[in-house]
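Here's a model to pick apart by asking how each label is earned. Have a look first, then we'll go through the reasoning.

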Amino acid sequence: MRANCWMGTKKVEVLEVPDPKILSSQDAIIKVTSTAICGSDLHLYDGYMPTMKRGDVIGHEFMGEVVEVGSGVRRVAVGDRVVVPFPIACGACWACERGLVSVCENSNPNAGMAEKVLGHSPCGIFGYSHMLGGYAGGQAEYVRVPFADVGPLKIEDDLPDEQVLFLSDILPTGYMGAELCDIKPGDVVAVWGAGPVGQFAMASAYLLGAEKVIAIDRFDYRLDIAATTGAMPLNYEHTNVLEELKELTAGRGPDACIDAVGMEGHHSSTALHTYDKVKQTTRLETERPHALREAILACRNGGTVSVIGVYGGMLDKFPMGAVVNRSLTIKAGQCHVHRYMRPLLDRIRNGEIDPSFVITHRMSLDEAPEGFDIFVNKEDSCNKIVLTP
Amino acid sequence: MAGHDSTTRKLGKLLGVASLGLGAPMLIKPERVSQAAGVDDSASSVPVIRMVGVRELGHAAGLLLGSSRWAWTRVAGDAMDLAVLGRAARERDGNRRKRALLAAAAVLGITTLDAYTALRTRRAKTGTKSADALRLQASVTISQDPETVYRFWRDLSHLPTFMYHLQSVEVMDERLSHWVANAPLRKQVEWDAEITADVASERLAWRSADGSDIPNSGEVRFAPAPGNRGTEVRVQLEYQPPGGRAGKVVAKLLGEEPEQQIRDDLRRLKQVLETGEVVLSDGSPAGTAARQQLKQRPAQPLPTTDKS
Ligand SMILES: NC(=O)c1ccc[n+]([C@@H]2O[C@H](COP(=O)([O-])OP(=O)(O)OC[C@H]3O[C@@H](n4cnc5c(N)ncnc54)[C@H](O)[C@@H]3O)[C@@H](O)[C@H]2O)c1
Ligand SMILES: [Zn+2]
Ligand SMILES: [Zn+2]
C-alpha cells in the first residue's frame with residue numbers, strides 16, 4: 001500500500017510499504033477514506049519529537065471502512081464506516097475505566113522508553129513516535145487498529161467524511177480545552193493559537209457558555225476563520241497582547257486562557273524567540289513555550305490555564321511565581337478523545353457545529369509532502385489539509 | 001561501575017558539546033564575549049573570560065570522554081559565573097547592566113539542566129548487589145482482585161507468556177517444576193525449582209533446587225490496592241551464582257537492564273490480565289521488551305514474509 005513516511009527532519013515521502021495485518025484478536029484493519037495533517041504532525045516534521053525512526057508511517061487523524069476484524073472483535077464488523085480516535089486505549093485498565101484514555105496503562109508497548117522522559121507512560125498513539133508505541137499511522141491506504149471494540153466510532157448516517165473526520169482528534173481536543181476551563185456565565189476566554197485546534201476551542205467555549213472569546217495569532221487569514229466562530233481576533237504582531245487583554249477585561253485578565261500553540265511557539269520579540277530557538281535546536285530545552293508563558297501572565301487571579309498545545313519534554317523560564325502567587329490552576333492533557341466522540345457527533349447531527357469550516361485544502365495522499373510544506377510554512381492561506389488515498 | 005541510564009548519558013554528552021561551544025569563543029574572541037556580557041569596561045574581564053573558557057573546555061573533556069558525573073563540575077562553574085555576573089550587574093547601569101542581567105539569565109537556564117543531569121547521575125542505580133547475589137525487584141498495580149492474579153501466577157506454566165527470558169515452565173506437581181530459560185549467548189539454561197511458600201491470594205515463593213547452574217529464588221506478593229484499584233503485585237528475584245558472577249550471569253539472562261526487564265515482565269502480566277493479550281505494535285511486534293525497545297524497527301506494517 002501507499003503510506004506517508006517520516007524520513008528525517010523536514011522530510012516525508014509517500015512510499016510503497018507492506019499492507020497491515022491482524023496481529024491480535026482485538027484488531028481491525030481499516031481502509032482509509034479520509035485522513036488529515038495535524039499541527040502535532042508538524043512537531044514530528046520539524047524534528048522536535050524524540051524517538052522517531054526513518055520509515056515510520058505517520059498520521060493519527062483518519063476514518064474509513066472496516067475491511068477485516070480479529071476473532072475477538074464484537075462491536076464493529078466488516079463494511080462498517082468508522083472514525084478512529086488518535087489515542088489507542090485498551091478500555092479495561094484503571095485509567096480507561098475513568099475515561100482517561102490518553103493515559104491508558106496498557107496500549108504503549110514501549111512504555112519503558114516514555115518513562116525515561118516523562119516519568120510515567122501515557123497511551124500509545126497512531127504514527128506518533130516510538131516512545132508513544134511505534135504504531136504505524138493513518139496517512140496511508142490501510143491501518144491496523146488495535147482494541148477495535150474500544151476506539152472506532154461507527155457513523156451510521158450519511159454525514160460526509162469532512163463533517164465527522166475531525167472527531168478523531170482536533171474537535172474533541174478543542175472541546176476538551178474549553179471544558180477544562182470550567183466556564184461560568186460571564187467568563188472571558190482567551191485562546192492562543194488560531195489554528196484548527198484553537199478554532200475548535202473557541203467554538204466550544206461559546207457552546208459551553210462563554211461570554212466572550214478572544215483569538216490570538218499573527219496570521220490574519222487564520223484570525224478571519226476564527227472570527228467566524230464569534231471570537232474577537234487579536235494579532236500579536238500588531239498589539240501588545242498582555243496590555244490589550246487587560247484593556248478588554250477592564251484590568252481583570254481573561255477568566256481562562258487556552259494554549260493551543262504548543263512546543264513550537266513563535267515570539268514577536270526576536271531576542272526571546274532566538275533564545276528559545278537556540279536552546280531547542282541544541283536540545284538544551286525541547287520547547288519554545290512563548291504562548292504558555294504569556295497565557296499564564298495574562299490569566300486573571302484565581303483563573304485557569306488550559307494547555308492542549310503539545311509539549312514534549314523540558315522547558316525553561318516557566319513563570320511559576322505567577323502560578324503560585326496568583327492562585328492559578330493549570331490543566332492539561334492529550335485529549336481523552338473517546339469520551340467526547342459520541343456527544344460531539346450528536347452536536348454535529350443537530351447542526352450545533354459543522355467542523356468542516358476549518359478545511360482549506362483537499363489533496364491526494366500522494367501530495368502529502370507538498371501538503372506538509374505549505375502547512376508548516378502557513379503558505380497559500382493553509383489552515384487544515386484533508387488527504388484522500 | 002554502575003553505568004548511568006541512557007538519558008543521563010545523553011544529557012551528559014550534550015552538556016559536553018555545549019561546554020565546548022561555550023568555551024571555544026571565550027578563548028578565541030574573549031573581547032566579544034566580554035561585550036555581550038556587559039563587562040567590557042573592566043580591564044580584568046578579558047583574562048577572567050579566558051580562564052572561564054579554559055574551565056569550560058575542562059568540563060567538555062570530562063563530560064565527553066568521562067562520566068556524566070562531570071556535570072557536577074558544571075554546576076560549580078555555573079555558581080561561579082552567576083556570582084560574577086550578579087556582581088557585574090549590581091555595579092553597572094543602563095545597557096551594560098541589561099546585558100549582564102541577560103547573560104546571568106542565560107546561565108541560570110543552563111544551570112537548571114546541569115543540576116538536573118548531575119542529580120540524575122546520583123539517582124541512577126540498577127539492582128542491589130551484595131558480594132555474590134543480585135536482587136531485583138519491581139511492582140505493578142493490576143485491575144483484578146488478588147485471587148485472580150494469584151491463581152494466574154500459581155499456574156507456573158503461565159510465566160513464559162509474560163516473562164520473556166523464560167522459554168517454558170513445566171509443572172511436575174504441587175511443589176516441583178522445571179524451568180527453561182533463553183540465554184542469548186549460550187544454548188539454554190535449565191533448572192528445577194520448588195515452591196517454598198504458598199499463601200493463597202497473598203504470597204508465593206520458589207527456589208531453584210540444590211546444584212543448579214544459576215541458583216535463584218523468587219517471591220511474589222499480592223495485596224489489595226487501596227481504593228478498589230485491584231492488586232498490588234510485588235516481585236523479588238534473587239540470583240546467587242557461585243563465584244560472585246551474579247552481575248554477569250544475570251546480564252546474560254536478562255539483558256543489560258535487568259530491572260527494566262522485570263518491570264516489562266510485569267507490564268505484560270498486566271496487559272494479559274486486563275486485556276487478555278500482550279499488546280503489540282509495528283515498532284515492537286513482539287510486545288514490551290527492553291531489548292526490543294532499543295532496536296525498534298520502523299513503525300511500518302511487517303512484510304508478509306514475516307511470521308506474525
Ligand atoms: N492535546 C491534544 O490532544 C492535541 C491534539 C491535537 C493537536 N494538539 C496540539 O495543538 C497545537 C495546535 O495544533 P494545530 O493543528 O492548530 O496547529 P497549527 O500549527 O495549525 O496552529 C498553531 C497556531 O499557533 C500560532 N502561534 C504560534 N506562536 C504563537 C504565539 N506565541 N501566540 C499565539 N499564537 C501562536 C501559529 O501562528 C498557528 O496559527 C499543536 O501543538 C498540536 O500538537 C494537541
Ligand atoms: Zn492531532
Ligand atoms: Zn487502558
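Q: How many salt bridges does the rule find across the interface of chain A and chain B?
A: Two. Bear in mind that this is a predicted model.

Q: What makes Glu115(A) and Arg267(B) a salt bridge?
A: Their side chains meet at 2.9 Å, N to O. The cut-off is 4 Å between a side-chain nitrogen of Lys or Arg and a carboxyl oxygen of Asp or Glu, so the pair qualifies.

Q: How many residue pairs are in polar contact across the interface of chain A and chain B?
A: The rule finds 22 of them, counting pairs with both residues at pLDDT 80 or more. On the side of chain A that touches chain B, the elements giving two or more residues are β4, α3 (111-118) and α9 (270-281) of chain A. The one that gives the most is α3(A), with five residues.

Q: Which numbers of residues does the contact take from chain A and from chain B?
A: Chain A puts in 47 residues and chain B 42 residues. To count, heavy atoms have to come within 4.5 Å.

Q: Why give an area for an interface?
A: Because the size of an interface is often given as the accessible area lost when the parts come together. Here chain A and chain B bury about 3600 Å² between them, with 53% of it on carbon and sulfur atoms.

Q: What makes Cys38(A), His60(A) and Asp169(A) the protein donors of the zinc ion (ligand 2)?
A: Cys38(A) uses SG, His60(A) uses NE2 and Asp169(A) uses OD, and they lie 1.8 to 2.3 Å from the ion. The limit for zinc is 2.8 Å, so these atoms count as donors. Along the chain their spacing reads C-x21-H-x108-D. His60(A) and Asp169(A) link distant parts of the chain, 109 residues apart. His60(A) is in the loop between β4 (56-57) and β5 (61-69) of chain A, and Asp169(A) is in the loop between α4 (161-164) and α5 (170-179) of chain A.

Q: Why are His60(A) and Asp169(A) called buried?
A: His60(A) has a relative accessible area of 2%, and Asp169(A) comes in at 4%. Buried means under 20%, so both residues get the label.

Q: How do you know that Arg347(A) and Glu352(A) form a salt bridge?
A: The N to O distance is 2.7 Å, and the rule asks for within 4 Å, so they pass. Over all chains, the structure holds 28 salt bridges.

Q: Why is Arg347(A) called buried and Glu352(A) partly exposed?
A: Arg347(A) has a relative accessible area of 19%, which is under 20%, so it is buried. Glu352(A) is at 41%; that falls between the 20% and 50% cut-offs, so it is partly exposed.

Q: What makes Arg154(B) and Glu174(B) a salt bridge?
A: Their side chains meet at 3.5 Å, N to O, so they fall within the 4 Å cut-off. This pair links distant parts of the chain, 20 residues apart: Arg154(B) is in helix α6 of chain B, while Glu174(B) is in the loop between β3 (166-171) and β4 (176-182) of chain B.

Q: Why does Arg154(B) count as buried and Glu174(B) as exposed?
A: At 17%, Arg154(B) is under the 20% limit, so it is buried. Glu174(B) has 62% relative accessibility, over the 50% limit, so it is exposed.

Q: What makes Lys270(B) and Glu274(B) a salt bridge?
A: Their closest N and O atoms are 3.1 Å apart, so the 4 Å rule is met. Both lie in helix α9 (residues 258-275) of chain B, four residues apart, about one turn of the helix. Both are buried.

Q: Why is Arg74(B) called buried?
A: Its relative accessibility is 1%, under 20%, so the label fits. Arg74(B) is found in helix α4 (residues 71-91) of chain B.

Q: What are the confidence scores of chain B?
A: The mean pLDDT is 79, and 70% of the residues score at least 70. Among its elements, strand β1 (residues 128-129) has the lowest mean, 54, and helix α6 (residues 146-154) the highest, 98. The model scores ipTM 0.91 and pTM 0.82.

Conventions:
Residues are numbered from 1 along each chain as its sequence is written. Chains are lettered from A and ligands numbered from 1 in the order in which they are written. Side-chain values use heavy atoms; hydrogens and water are left out. pLDDT is the predictor's confidence in each residue, from 0 to 100. Donors are N, O and S atoms within 2.8 Å of the metal (3.2 Å for Na, K and Ca); water is not among the atoms, so sites may look incomplete. Buried means under 20% relative accessible area, exposed over 50%, partly exposed in between (1.4 Å probe, protein chains only). Buried area is the accessible area (1.4 Å probe) that two parts lose on being put together, summed over both. A polar contact is a pair of N or O atoms within 3.5 Å; within protein, one must be able to donate a hydrogen and the other to accept it, and residues adjacent in sequence count only if both atoms are side-chain atoms.
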